[in-house]
Amino acid sequence: MNASTDSTPSRAFDTRAAQRAVRRMAAAEQPPWLHAEAARRMAERLPMIRRTPQTVLQWSSFLGASEAVLREAYPQARLLAVEPAEMLEARSVPVPAPWWSPKRWAGPAAVTLLDEQAVAPGSAELLWSNMALHGEADPTALLARWHAALAVDGFLMFSTFGAGTLAELRGLYRERGWGSPMADFVDMHDLGDMLVHAGFADPVMDQETVRLTWADAAALLAELRGLGANADPRRVPGLRTPRWQARLGEALQALAGAHGRPVLSFELVYGHAFKTAPRPRVAERTEVGLEEMRQMVRSRRT
């Protein structure tokens, strides 16, 4: 099944703003804490999958903060990683040792870094993406590329921000006429539909809401900056003044409860689905691509 955009919700998204945010986040010593926590929670769902992948492909591995949980779950698996071009440009990445190097016997094998264009079709039994999907302008197109990268009978696991993320901040901006604080996040049910349109089978979606508190508004804003940027093209253009930033801090502090700590909610959405053998639609004339034909032959032999 080919990807379709007929049922894809429209999403206003400034790709350049997102790319600038990735370059800035690449300069950090560690990925965001919330990303690491999402990876840990997503890994708790791995026991539901009884298949053991030989090759695991991480999509946006540094910001995904998932290498430790994946090595623990699949110590014998080969780990591949795709990084955005902005990440590779901004971050110094060591070249993995060759397969014959003695360094390979001294500890865990290095993760093999790949440009997205170098990912071979059907190259992984598990494609893992933690907190990357919401940074894409066209989620449906990315899901289609993930489907192509998976081997037949492979499975996808991903996490992303859901539509309920930062609802308090959206309400605050709306009440004060400050424009949009962030691009819209895709609803969990729409993501399930996108998986089907991308060719995945048996999609399962789940979500949970995490409420975080901070000592003060300054700490809250620093954490949000570490999670990305406002990629909504409908945002107020130009720079904000120090006076406006002071008003924002006061408004955020007003969100504090009885404990005096400002609080914001994050909706974490988890999804997994399988890639089954292609089944061409039977018609008077049916055209099947060479790669799809090879996959069907391999599937029948298995």
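## A buried histidine in strand 7

His-272 counts as buried, because its relative accessibility of 12% is under the 20% limit used for that class. The model in which this residue is seen is a predicted one, and His-272 is found there in strand 7, the stretch of residues 263–274. Leaving aside its neighbours within four places in sequence, His-272 is in contact with Met-48 and Ile-49, with Leu-156 and Met-157, and with Asp-202, Pro-203 and Val-204.

## The chain as a whole

The chain has 302 residues, of which buried residues make up 44%, and its secondary structure comes to 11 helices and 7 strands. Among the contacts between residues at least 6 apart in sequence, 81% join residues that are at least 24 apart.

## The sheet

The 7 strands form an open sheet in the order 3-2-1-4-5-7-6, and the pairing within this sheet is mixed. At its edges are strand 3 (112–114) and strand 6 (201–213), each of which pairs on one side only. Neighbouring strands of the sheet are turned against each other by 20 degrees on average, with direction ignored.

One of the pairings joins strand 1 (residues 55–59) to strand 2 (residues 78–82), which run parallel and are connected by 5 bridges. Within this pairing, Val-56 has Leu-79 of strand 2 as its bridge partner. Helix 7 packs on the sheet, where it touches strand 6 and strand 7, and the direction of helix 7 makes about 125 degrees with that of strand 7.

## Salt bridges

Side chains of opposite charge can pair when their charged atoms come close. The structure holds 14 salt bridges, and one of them brings together the side chains of Glu-37 and Arg-41, with a distance of 2.8 Å from N to O. Both residues belong to helix 2 (residues 33–43), and because they are 4 residues apart there, about one helical turn separates them. Glu-37 is buried, with a relative accessible area of 13%. This pair also has a wider setting, since Glu-37, Arg-40, Arg-41, Glu-44 and Glu-208 are linked in a network of salt bridges.

Another salt bridge is formed by Arg-145 and Glu-136, whose closest N and O atoms are 3.9 Å apart. Both partners are partly exposed, Arg-145 at 32% relative accessibility and Glu-136 with a relative accessible area of 25%. A further salt bridge joins Arg-170 to Asp-184, the closest N and O atoms being 3.4 Å apart. This pair links distant parts of the chain, for Arg-170 lies in helix 7 (residues 167–176) and Asp-184 in the loop between helix 7 and helix 8 (188–197), 14 residues apart. Here the two partners fall into separate classes of accessibility: Arg-170 is buried, with a relative accessible area of 16%, whereas Asp-184 is partly exposed, with a value of 36%.

## Aromatic rings

A pair of aromatic rings is described by the distance of the centres and the angle of the planes. The structure holds 8 aromatic pairs, and among them is the pair of Trp-146 and Phe-158, which is tilted, at 6.2 Å centre to centre and with 45 degrees between the planes. Trp-146 lies in helix 6 (residues 139–149) and Phe-158 in strand 5 (residues 150–161), so this pair ties together parts that are 12 residues apart in sequence. Trp-146 counts as buried at 0% relative accessibility, and Phe-158 is buried with a relative accessible area of 1%. The ring centres of Tyr-173 and Trp-178 are 5.6 Å apart and their planes stand at 90 degrees, so this pair is edge-to-face. Tyr-173 and Trp-178 are both buried. Trp-146 and Phe-158 also belong, together with Trp-59, to one aromatic cluster.

Aromatic rings have charged neighbours as well in this model, as two arginines show. Arg-45 lies over the face of Tyr-270, at 3.9 Å from the ring centre, and Arg-240 lies over the face of Trp-244, at 4.0 Å from the ring centre.

Note on methods:
Residues numbered from 1 in each chain as written. Predicted model: local features only at pLDDT ≥ 70, side-chain atom pairs only at ≥ 80, totals over all residues. Heavy atoms only, no water. Helix = DSSP H or I, 4+ residues; strand = E, 2+ residues; numbered from the N terminus. Buried < 20%, exposed > 50% of the residue type's maximum accessible area, 1.4 Å probe, protein only. Contact = heavy atoms within 4.5 Å. Salt bridge = Lys/Arg side-chain N within 4 Å of Asp/Glu carboxyl O. Phe/Tyr/Trp six-rings, centres within 6.5 Å; stacked < 30°, edge-to-face > 60°. Lys NZ or Arg CZ within 6 Å of the ring centre and 35° of its normal. Pairing = 2+ DSSP bridges. Axes fitted to C-alpha atoms, helices over the stretch in contact; angles between N-to-C directions.
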